[in-house]
Amino acid sequence: MRPIKIAPSLLAADFARLGEQTRAVSVAGADYIHLDVMDGCFVPNLTLGPVVVAAIRAYSPLPFDAHLMIRAPENFIAPFAQAGADLLTVHVEVCPHLHRVVQQIQALGVRAGVAINPHTPLAMLEEILPYVAQVNVMTVNPGFGGQIFIESMLPKIARLRNMAEELNPLLDIQVDGGVDTQTAPRCVAAGANILIAGTAIFGSGGTVADQLAALRASIAA
């Protein structure tokens, strides 16, 4: 069984203390730092850009995974790579030339991933799956933290894992949205191996170390 990794989403962190909270989850044993980049166009929210990523890069040695929930992501690949992103994930829904964008990411020495919204069929991934390192299965509609997990995404995760066994056995499958101690074990059982969690880590009370430990314990159980 592949190791299960946890990627705290800074979308739920205190934006006045981003550096401090990035360091806190890194020390507490997180595996990735997840960066939700939103443009107010593809999704109804505005968040951080390359300048912020560059500012917090020194606070963690962990891989930075920038999830670009933006239109025309090809215009921002280089700035985010230069800011320190180790992985760049783009949405299949906004990339008419997805192979080209994936090649653009990889040419900069950055790992490439694709994300897929809840309503988008997995068939949209079939031709790109052999070329990417990860797929982010959105288990809420992107744009805001704290949403309710969409239960029908569990069989979608399982179907994606079956696709990956044929087309890209090394594929990482992320789940993003509504991940907590109740939903995390079910996502893992369905085939996910990277859990993106925001509110469950930064907004549930207690220390981020306690929340990370609780999430890992729920998976182990």
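**Note on the predicted model: a loop residue, the sheet and its helices**

1. Ala-72 is found in the loop that connects strand 3 with helix 3 (77–83). The model discussed here is a predicted one. Ala-72 has a positive phi, near 50 degrees, although this residue is not a glycine. With a relative accessible area of 27%, Ala-72 is partly exposed.

2. Now the sheet. Eight strands make up an open sheet, and their order across it is 1-8-7-6-5-4-3-2. The pairing is parallel. Strand 1 (5–8) and strand 2 (33–38) are at the edges; each has a single partner strand, so one side of each lacks a neighbour in the sheet. On average, neighbouring strands of this sheet are turned by 25 degrees against each other, direction ignored.

3. Strand 4 (residues 87–91) and strand 5 (residues 111–116) are joined by five bridges in the parallel sense. Two of the residue pairs can be named: Leu-88 has Ala-112 of strand 5 as its bridge partner, and His-91 has Ala-115, also in strand 5. Helix 4 (residues 98–107) lies across strand 4 and strand 5, and runs at about 145 degrees to strand 5. Together, strand 4, helix 4 and strand 5 form a right-handed β-α-β unit.

4. Is strand 5 largely enclosed or left open? Five of its six residues are buried, so strand 5 is largely enclosed by the rest of the structure. Strand 5 also pairs with strand 6, in the parallel sense and over four bridges. Here Ala-115 stands opposite Asn-136 of strand 6. Ala-115 therefore appears on both sides of the account, as it is also the bridge partner of His-91.

5. Strand 6 and strand 7 run parallel and are joined by five bridges. Within this pairing, Val-137 is opposite Val-175 of strand 7. Strand 6, helix 5 and strand 7 make up a right-handed β-α-β unit.

6. Strand 7 deserves a separate point. Five of the five residues of strand 7 are buried, so the rest of the structure largely encloses this strand. Both of its faces are covered. On one side the buried residues are Asp-172, Gln-174 and Asp-176; on the other they are Ile-173 and Val-175.

7. On to the next strand in the sheet order. Strand 7 and strand 8 (residues 194–197) run parallel, with three bridges between them. Val-175, which faces Val-137 in the pairing with strand 6, stands opposite Leu-195 in strand 8. A right-handed β-α-β unit is made by strand 7, helix 6 (residues 184–190) and strand 8.

8. Helix 1 (residues 18–27) contains Val-25. The buried residues in helix 1 are Leu-18, Gly-19, Gln-21, Thr-22, Val-25 and Ser-26. An α-helix has 3.6 residues a turn, so residues three or four places apart point the same way. Which elements cover the buried residues of helix 1? They include strand 1, strand 2, helix 2 (50–56), strand 3 (64–69), helix 7 (199–202) and helix 8 (208–220). Just after helix 1 comes Gly-29, with a positive phi of about 110 degrees.

9. Val-25 counts as buried, at 0% relative accessibility. Neighbours within four places in sequence aside, Val-25 is in contact with Pro-8, Ala-30, Ile-33, Ile-201, Phe-202, Val-208 and Leu-212. How far apart are Val-25 and Ile-201 in sequence and in space? They are separated by 176 residues in sequence, and by 8.7 Å in space, taken C-alpha to C-alpha.

10. A last point concerns aromatic rings. A search of the whole structure turns up zero aromatic pairs. One ring does have a charge over it: the charged end of Arg-57 sits over the ring of Phe-64, at 3.7 Å from the ring centre.

Notes:
Residues are numbered from 1 along each chain as its sequence is written. This is a predicted model: local features need pLDDT of at least 70, side-chain atom pairs count only at pLDDT 80 or more; totals for chains, interfaces and linings use all residues. Side-chain values use heavy atoms; hydrogens and water are left out. Rings of Phe, Tyr and Trp (its six-membered ring) pair if their centres lie within 6.5 Å; planes under 30 degrees apart count as stacked, over 60 as edge-to-face and the rest as tilted. A charge sits over a ring if NZ of Lys or CZ of Arg is within 6 Å of the ring centre and within 35 degrees of the ring normal. Two strands pair if DSSP finds at least two bridges between them. Axes are lines fitted to C-alpha atoms, for helices over the stretch in contact, and angles run from 0 to 180 degrees between N-to-C directions. Contact means heavy atoms within 4.5 Å. Buried means under 20% relative accessible area, exposed over 50%, partly exposed in between (1.4 Å probe, protein chains only). A crossover is right-handed if, with the strands pointing away from the viewer, the path from the first strand over the helix to the second runs clockwise.
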